[in-house]
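The following exercises invite the reader to examine a protein chain step by step. Each task is followed by a worked solution.

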Amino acid sequence: MLPLLMVFAVLALTVYGQLMMKARALAHAVPVGEAGRLGYVVSMLSDVGVLSCFGAAVLAAVLWMLAIERLEVGFAYPFMALSFVLVPLGSMVLFGERVPPMQLAGLVLIVAGVTVSTLAR
C-alpha cells in the first residue's frame with residue numbers, strides 16, 4: 001500500500017510543480033516587446049515558488065525510486081499519465097484556461113486507459 005501512496009505523491013508533486021511554475025511565470029511575465037528576458041529568468045530562478053517546484057521535483061524523484069523498488073514499473077508508470085489530465089484541469093480552474101471539447105475527450109480517454117491498465121493487473 002505504501003508504494004502506491006508514493007506513486008500518487010509523485011503525481012501530486014508533479015502536478016503541483018507544473019501549476020506553480022505557471023502561476024509564477026504569470027507573476028513575473030515580461031510585457032510584450034520588452035527586452036527583459038534575462039531579468040525574467042533571474043527573477044524566476046530566485047522566486048520561492050519556483051524553487052519549491054524544484055524541491056518538489058527532487059522529492060518526486062526520491063519517492064519514485066522508492067516506489068518502483070517495490071512495484072512493477074509497468075503497473076506504476078501509467079498512473080503518471082494522469083498528470084496529463086490533472087494539469088489541464090487545474091489550469092482551467094486556477095488560470096481560466098480553456099479546455100476544448102476534443103481535448104476533454106482526450107483526457108477522458110487517458111483516464112480510461114489508466115483504468116484499463118490498472119484493472120488488467
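**Exercise 1. Overall form of the chain**

Determine what percentage of the residues of the chain count as buried, and describe how the chain is built and spread out.

Solution. Step 1: of the 121 residues, 31% count as buried, where buried means under 20% relative accessible area, exposed over 50%, and partly exposed in between (1.4 Å probe, protein chains only). The model is a predicted one, in which local features need pLDDT of at least 70 and side-chain atom pairs count only at pLDDT 80 or more, while totals for chains, interfaces and linings use all residues. Residues are numbered from 1 along each chain as its sequence is written, and side-chain values use heavy atoms, with hydrogens and water left out.

Step 2: the chain contains 6 helices and 0 strands, and the order from the N terminus is α-α-α-α-α-α. Helices (H or I, at least four residues) and strands (E, at least two) are DSSP runs, numbered from the N terminus.

Step 3: the radius of gyration is 17 Å, well over the 14 Å that the globule rule gives for 121 residues, so the chain is more spread out than a compact globule. This radius is taken over C-alpha atoms, and the rule is 2.2 Å times the number of residues to the power 0.38. Along the principal axes, the C-alpha atoms fill a box of roughly 55 × 35 × 20 Å.

Step 4: among contacts with a separation of 6 or more, 71% join residues 24 or more positions apart; contact means heavy atoms within 4.5 Å.

**Exercise 2. The nonpolar cores**

Identify which residues touch the most other members of the largest nonpolar core, and which elements give two or more residues to this core.

Solution. Step 1: a nonpolar core is a set of buried Ala, Val, Leu, Ile, Met, Phe, Trp, Tyr and Cys residues joined through side-chain atoms within 4.5 Å. The largest one has 19 residues, and Val7, Val10, Trp64, Phe79 and Met80 touch the most other members.

Step 2: two or more residues come from each of α1 (2-27), α3 (48-70) and α4 (73-76). The greatest contribution, 7 residues, is that of α1.

Step 3: another core lies apart from this one and has 5 residues, among them Ala25, Val30, Met44 and Val50.

Step 4: residues up to four places away in sequence being set aside, Met80 touches Val7, Val10, Leu11 and Trp64.

**Exercise 3. Two residues of the first helix**

Establish whether Val10 and Leu11 are buried or exposed, and list their contacts.

Solution. Step 1: Val10 is found in helix α1 and is buried, with a relative accessible area of 5%. Beyond four places in sequence, Val10 touches Ala60, Leu63, Trp64 and Met80.

Step 2: Leu11 also lies in helix α1 and counts as buried at 5% relative accessibility. Beyond four places in sequence, Leu11 is in contact with Phe79, Met80, Leu82, Ser83 and Leu86.

Step 3: Leu11 and Trp64 are 53 residues apart along the chain, and their C-alpha atoms are separated by 9.5 Å.

**Exercise 4. Helix α5 and its partners**

Describe how α5 meets α1 and α6.

Solution. Step 1: the axes of α1 and α5 (residues 83-95) come within 10 Å and cross at roughly 35 degrees. Axes are lines fitted to C-alpha atoms, for helices over the stretch in contact, and angles run from 0 to 180 degrees between N-to-C directions.

Step 2: residues including Leu11, Val15 and Leu19 in α1 meet residues including Leu86, Ser91 and Leu94 in α5. This contact has 9 nonpolar, 5 polar and 1 charged residues; Ala, Val, Leu, Ile, Met, Phe, Trp, Tyr, Cys and Pro count as nonpolar, Asp, Glu, Lys and Arg as charged, and the others, Gly among them, as polar.

Step 3: the axes of α5 and α6 (residues 101-119) come within 9 Å and cross at roughly 145 degrees. Phe84, Val85, Pro88 and Leu89 in α5 meet Gln103, Leu107, Ile110 and Val111 in α6, and by class this contact has 7 nonpolar, 1 polar and no charged residues.

Step 4: Ser91, placed in helix α5, counts as buried at 8% relative accessibility. Beyond four places in sequence, Ser91 touches Leu19, Gly96 and Glu97.
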